[in-house]
Amino acid sequence: MIQSCEADKILISDTDLELPPVVLDTSGWQVIDYTSQEDNDGEGAGNGRVFNTIDGDPNTFWHTCWLGCTPIPPHSFIIDMLESKNIDGFNFMQRQSLTRNIEILSIEISNDNVNWTSLGEFTLEKIIEVQDRPLDQSIQARYFKVNVIKVFDGTDNAALAEIAPYSRT
């Protein structure tokens with residue numbers, strides 16, 4: 001409720017307005033498990049590792065192994081946010097070259113890295129812009145697991161530049 005300069009008027013604010021999403025601070029977050037990553041600096045120093053999906057830089061990326069190995073789906077990785085966080089959605093950015101992009105993925109969450117709850121499947125577009133995927137309701141979690149279901153080019157390889165959980169509180 002906001003009061004007007006005129007003593008007899010009170011303005012009621014719109015209670016349906018949502019706060020804009022605020023991407024969670026990834027400082028200290030850790031990659032604690034993955035099925036595949038490119039460890040040989042393929043396509044640029046440091047590229048290929050899962051950590052790149054939470055580094056805030058859309059020009060770095062995770063890529064399944066390909067230099068001297070064959071990735072075997074399904075592909076997944078787990079991020080430890082170090083403490084339980086309120087999450088209202090996820091922002092995604094595809095690899096900026098638009099190769100090996102993920103078309104469908106699922107996300108699971110956990111507070112103990114043992115018991116997991118599915119948040120469902122998310123369909124992404126093959127674009128370089130940020131893709132916002134809000135959740136139906138806020139959730140609390142310490143860990144999140146990304147599971148690749150389908151890539152656009154139909155190969156066994158997958159890549160992703162960024163995944164950024166966000167909160168509206």
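**His75 and the backbone around strand 6**

In this predicted model, His75 lies in strand 6. His75 counts as buried because its relative accessible area is 3%, under the 20% limit for that class. Its side chain makes a polar contact with the backbone oxygen of Asp156, at 2.5 Å. Asp156 also appears among the residues that His75 touches, leaving aside those up to four places away in sequence. The others in that set are Thr35, Ser36, Trp62, Thr64, Val146, Asn147, Val148 and Ala158.

The loop that leads into this strand has a backbone feature of its own. Pro74 sits between strand 5, residues 62-63, and strand 6, residues 75-93. The peptide bond joining Pro73 and Pro74 is cis, with omega at about 5°.

Further along, Leu82 is also found in strand 6. Leu82 is not a glycine, yet its phi is positive, near 75°. The relative accessible area of Leu82 is 39%, so this residue is classed as partly exposed, the class that lies between the 20% and 50% limits.

A positive phi also occurs at Arg100, another residue that is not a glycine, with a value of about 60°. Arg100 belongs to the loop between strand 6 and strand 7, the latter spanning residues 102-110. Arg100 is partly exposed because its relative accessible area is 30%.

Taken in chain order, the backbone features are the cis bond between Pro73 and Pro74, the positive phi of Leu82 and the positive phi of Arg100.

Notes. Residues are numbered from 1 along each chain as its sequence is written. This is a predicted model: local features need pLDDT of at least 70, side-chain atom pairs count only at pLDDT 80 or more; totals for chains, interfaces and linings use all residues. Side-chain values use heavy atoms; hydrogens and water are left out. Helices (H or I, at least four residues) and strands (E, at least two) are DSSP runs, numbered from the N terminus. Buried means under 20% relative accessible area, exposed over 50%, partly exposed in between (1.4 Å probe, protein chains only). A polar contact is a pair of N or O atoms within 3.5 Å; within protein, one must be able to donate a hydrogen and the other to accept it, and residues adjacent in sequence count only if both atoms are side-chain atoms. Contact means heavy atoms within 4.5 Å.
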